[in-house]
Amino acid sequence: MIFVDAENKLKYDTDRMELISDKVKMEVGRPFRISVNAEIYRSKKGRWLGVAKWMDGDEEGRVLEENEVQQFLLKYDVGAYEKIFGKLEEA
């Protein structure tokens with residue numbers, strides 16, 4: 001998927017990015033806000049993209065900040081979080 005961030009004039013190509021997790025859910029609107037399965041990608045330059053996967057096959061890209069990525073991974077994919085950001089302390 002190619003996603004263009006028109007505001008920052010950046011092109012995201014998921015075929016060239018690293019898939020970090022396919023276990024997350026993102027809230028998207030169409031017209032109501034619902035949670036859908038999503039993937040998180042990281043570019044070689046360290047930029048993040050979330051891709052929501054609709055049941056009809058459509059995909060919706062959204063640029064993410066690192067703190068958002070951390071929250072998604074902490075909630076849905078702790079293994080991926082620890083791989084990228086380091087081990088969490090045991091309780």
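**Briefing: sheet, aromatic pairs and largest pocket**

Strand S4 (residues 33–42) and strand S5 (residues 48–53) are paired in the antiparallel sense, and five bridges join them. The model in which this pairing is found is a predicted one. Beyond these strands, the briefing covers an open sheet of four strands, three aromatic pairs found in a search of the whole structure, and a largest pocket with about 320 Å³ of space.

**The sheet**

- Strands of a sheet pair through backbone hydrogen bonds, and the pairing may be either parallel or antiparallel.
- In this model the four strands follow one another in the order S3-S4-S5-S6, with antiparallel pairing, and the sheet they form is open.
- The edges are taken by strand S3 (18–29) and strand S6 (59–64), each of which has a single partner strand, so one side of each is left without a neighbour in the sheet.
- On average, and with direction ignored, neighbouring strands of this sheet are turned by 30° against each other.
- Within the pairing of S4 and S5, Tyr-41 has Leu-49 of S5 as its bridge partner.

**Aromatic pairs**

- A pair of aromatic rings is described by the distance of the centres and the angle of the planes.
- The search of the whole structure gives three such pairs, and one of them joins Phe-3 and Tyr-12 in a tilted arrangement, with 6.2 Å centre to centre and 45° between the planes.
- Both Phe-3 and Tyr-12 are buried.
- Tyr-81 and Phe-85 also form a tilted pair, for which the centre-to-centre distance is 5.2 Å and the angle between the planes is 40°.
- These two residues, Tyr-81 and Phe-85, both belong to helix H2 (residues 78–85), where they lie four residues apart, about one turn of the helix.
- Tyr-81 counts as buried because its relative accessibility is 11%, under the 20% cut-off, whereas Phe-85, with a relative accessible area of 24%, is partly exposed.
- Trp-48 joins Tyr-81 and Phe-85 in one aromatic cluster.

**The largest pocket**

- Rolling a probe the size of a water molecule over the atoms shows where empty space is left.
- The largest pocket holds about 320 Å³ of space, and its lining is made up of Leu-10, Lys-11, Tyr-12, Asp-13, Arg-16, Met-17, Ser-43, Lys-44, Lys-45 and Arg-47.
- Six residues of this lining are charged, three are nonpolar and one is polar.
- Tyr-12 is therefore a residue with two roles in this briefing, since Tyr-12 counts as buried under the 20% cut-off and is also among the lining residues of the largest pocket.

Methods: Residues numbered from 1 in each chain as written. Predicted model: local features only at pLDDT ≥ 70, side-chain atom pairs only at ≥ 80, totals over all residues. Heavy atoms only, no water. 1 Å grid on protein atoms, 1.4 Å probe; cavity = no way out; pocket = protein on both sides within 12 Å on 5 of 7 lines; lining within 4 Å. Points joined across faces, edges and corners; volume = space filled by probe spheres on them. Nonpolar A, V, L, I, M, F, W, Y, C, P; charged D, E, K, R; others polar. Phe/Tyr/Trp six-rings, centres within 6.5 Å; stacked < 30°, edge-to-face > 60°. Buried < 20%, exposed > 50% of the residue type's maximum accessible area, 1.4 Å probe, protein only. Pairing = 2+ DSSP bridges. Axes fitted to C-alpha atoms, helices over the stretch in contact; angles between N-to-C directions.
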